[in-house]
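Please read the following briefing alongside the sequence and the coordinates. It moves from charged pairs to the nonpolar interior, the ligand and a few individual residues.

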Amino acid sequence: MPRLVVVSNRVGIPDGGTRAGGLEVAIRPALKRRGGVWFGWSGKITDDDPGPPKTTVQDNVSYVTVGMRRDDHDEFYNGFANRVLWPILHYRLDLAEFSRRDLGGYIRVNEYFARNLESLLRPDDVVWVHDYHLIPLARALRERGHKNKIGFFIHIPCPPPEILTALPNHERLMPALGHYDLIGLQTETDAANMCRYFENECHVRRTGDGVYDFGGRSVRIGVYPVGVETEPFARLAQRAIETAFVREVLDSLSGRAMIIGVDRLDYSKGIPERLNAFERFLTNFPDLRGKATYLQITPRSRTGIPEYADIARVVGETVGRINGRFGEASWTPLRYINKAHSRTALAGLYRAARVGLVTPLRDGMNLVAKEYVAAQNPEDPGVLVLSRFAGAAHECTAALLVNPYDSEGVGAAINRALSMPLAERRERHAQNFRMLAKNDLAQWAGRFLSTLEQDASRSAVRLIPRTAIGH
Ligand code: F6P
């Protein structure tokens with residue numbers, strides 16, 4: 001089997017610590033299973049030359065990381081990637097920083113990654129690139145003569161061309177995708193949007209379902225909804241609920257039901273809207289006041305970006321307002337925590353929570369939703385309240401699906417979740433769990449890589465039909 005080289009901006013260097021986002025949750029186990037190399041940014045910012053890559057080997061994976069110069073980090077990570085691409089791909093034209101139209105730093109860091117990969121890559125390696133930070137990486141590698149199979153997976157949404165074309169310099173950037181062999185997206189909607197962009201804006205010839213001819217190169221588009229390690233996570237949660245930490249949290253609730261939300265502090269996650277919904281719930285269902293406590297775990301994220309400082313302020317103020325308005329000396333309705341928690345702690349808390357609140361305004365997939373389902377006790381499961389705008393809503397159709405902008409509706413869903421009879425909870429959970437067991441993380445990586453490794457000259461790959469993921 002050819003060696004697998006994964007490339008992403010963020011690398012999950014093993015330190016036994018906490019996790020920052022979905023990408024790491026997905027890649028680490030997938031890579032551990034097959035072995036290979038994980039290349040990317042070390043997380044370090046330097047004022048001088050960052051020096052050569054550093055390698056850490058653990059089990060069968062080599063983690064190879066490079067530092068980033070401050071100006072590169074500013075223009076690439078704090079700039080084009082997270083102030084232009086991130087908001088626009090999440091349908092938030094209102095938050096995009098259009099003066100950051102300069103692609104210079106973004107391209108420079110992609111070139112820098114490609115340069116550092118040069119000495120590492122063997123001709124038969126299969127390269128799997130992840131996420132919006134690295135759209136032009138395949139082009140930079142091809143320009144250096146690499147003919148490897150290169151796949152690209154986009155963890156976040158792909159909006160329709162009507163929105164994507166608002167991206168400054170999209171016509172220079174997006175055609176670089178034509179240097180990949182396979183492009184994977186989370187949902188059929190994302191894939192259809194990408195196909196439409198290729199057809200309308202790149203004017204490339206469609207040679208089959210989801211297959212395009214970019215000047216003689218065949219580029220395939222497919223749907224690969226990222227999964228979680230469903231069964232192992234369920235076992236972890238079963239053990240984790242017995243840990244001293246989770247026991248202590250449960251004891252502190254004095255028998256009240258727990259509602260849980262776990263998100264990076266990001267405007268795409270709809271946290272202020274969710275807090276407002278909790279407030280509507282407390283207002284509209286006074287009998288349930290004092291009967292449930294909402295725990296919101298929200299590690300800070302991208303702190304160098306003004307829009308993230310804004311959201312941090314709004315969330316802090318909203319939490320204070322709700323606790324001030326409804327709190328009692330003996331009950332705090334909302335516990336808001338910025339500290340990141342370990343995988344084990346989260347698994348135990350999910351299992352202990354009667355309601356999982358996952359209400360992003362827009363999300364590629366959202367693995368918290370899937371882990372919450374996986375963690376439940378099937379005999380007495382909690383209820384997932386899930387945004388219809390999360391990729392996970394395509395699979396977790398038995399969740400209480402909500403419009404995250406509608407605080408009355410989400411407030412009513414919280415009430416319904418807390419009052420749901422056991423039989424209905426079991427039925428909904430079983431349906432969601434079956435789906436997640438069928439399309440778990442191993443399936444996701446296996447399907448993507450086997451398609452990528454197929455002979456490109458073979459017949460066109462169809463978009464994965466809904467039936468293949470259980471619809
Ligand atoms: O899924 C989007 C993503 O950018 C992932 O790459 C990462 O897991 C997560 O968000 C966290 O973002 P950052 O790497 O900017 O902290």
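Arg325 is partly exposed at 47% relative accessibility, where buried means under 20% relative accessible area, exposed over 50%, and partly exposed in between, with a 1.4 Å probe and protein chains only. This is a predicted model, in which local features need pLDDT of at least 70 and side-chain atom pairs count only at pLDDT 80 or more, while totals for chains, interfaces and linings use all residues. Residues are numbered from 1 along each chain as its sequence is written, and side-chain values use heavy atoms, with hydrogens and water left out.

**Salt bridges**

- Arg325 forms a salt bridge with Glu279, and the closest N and O atoms of the pair are 2.9 Å apart; a salt bridge here is a side-chain nitrogen of Lys or Arg within 4 Å of a carboxyl oxygen of Asp or Glu.
- This pair links distant parts of the chain, with Glu279 in helix α10 (residues 271-284) and Arg325 in helix α11 (residues 306-326), 46 residues apart; helices (H or I, at least four residues) and strands (E, at least two) are DSSP runs numbered from the N terminus.
- Glu279, at 8% relative accessibility, counts as buried, whereas its partner Arg325 counts as partly exposed.
- In total, the structure holds 36 salt bridges.
- Another of them joins the side chains of Arg70 and Asp47, at 2.8 Å from N to O.
- Arg70 lies in helix α2 (residues 70-89) and Asp47 in the loop between β2 (36-46) and β3 (54-58), so this salt bridge ties together parts that are 23 residues apart in sequence.
- Arg70 is partly exposed, with a relative accessible area of 45%, while Asp47 is exposed at 55%.
- Glu424 and Arg428 also form a salt bridge, in which the closest N and O atoms are 2.8 Å apart; because these two residues are four residues apart in helix α15 (residues 422-438), about one helical turn separates them.
- Glu424 itself is partly exposed, with a relative accessible area of 27%.
- Salt bridges with shared partners also join Arg33, Glu229, Arg343 and Glu371 into one network.

**Nonpolar cores**

- The largest nonpolar core has 93 residues, of which Val7, Phe113, Leu137, Ile183 and Phe198 touch the most other members; such a core is a set of buried Ala, Val, Leu, Ile, Met, Phe, Trp, Tyr and Cys residues joined through side-chain atoms within 4.5 Å.
- Helix α2 gives this core its largest share, nine residues.
- Leu137 touches Val7, Asn110, Phe113, Ala114, Leu117, Val129 and Tyr180, if residues up to four places away in sequence are not counted; contact means heavy atoms within 4.5 Å.
- Apart from the largest core lies another, of 63 residues, with Val126, Ala347, Tyr350 and Met365 among them.

**The ligand and its surroundings**

- The ligand is surrounded by 13 residues, and the closest are Arg10, Leu23, Tyr77, Asp131 and Arg302; a residue is near a molecule if one of its heavy atoms lies within 4 Å of it.
- Helices α1 (22-34) and α2 each supply at least two residues of the shell around the ligand.
- A polar side-chain atom of Arg10 lies 2.9 Å from an oxygen atom of the ligand, and an N or O atom in the side chain of Arg302 is 2.8 Å from a ligand oxygen atom.
- For Tyr132, the distance between a side-chain N or O atom and an oxygen atom of the ligand is 3.3 Å.
- The protein covers 92% of the 380 Å² of accessible area that the ligand has on its own, with areas from the Shrake-Rupley method and a 1.4 Å probe.

**Buried charged residues**

- Glu307, found in helix α11, counts as buried at 16% relative accessibility.
- Beyond residues up to four places away in sequence, Glu307 touches Arg83, Leu95 and Tyr267.
- Arg425 lies in helix α15 and is buried at 10% relative accessibility.
- Leaving aside neighbours within four places in sequence, Arg425 is in contact with Arg354, Asp380, Pro381, Val383 and Met420.

**Positive phi angles**

- Asp59 has a phi near 50 degrees, a positive value in a residue other than glycine; Asp59 lies in the loop between β3 and β4 (61-69) and is exposed, with a relative accessible area of 62%.
- Asn169, also a residue other than glycine, has a positive phi near 65 degrees; Asn169 is found in the loop between α5 (161-164) and α6 (170-173) and is buried, with a relative accessible area of 13%.

Methods:
A polar contact is a pair of N or O atoms within 3.5 Å; within protein, one must be able to donate a hydrogen and the other to accept it, and residues adjacent in sequence count only if both atoms are side-chain atoms.
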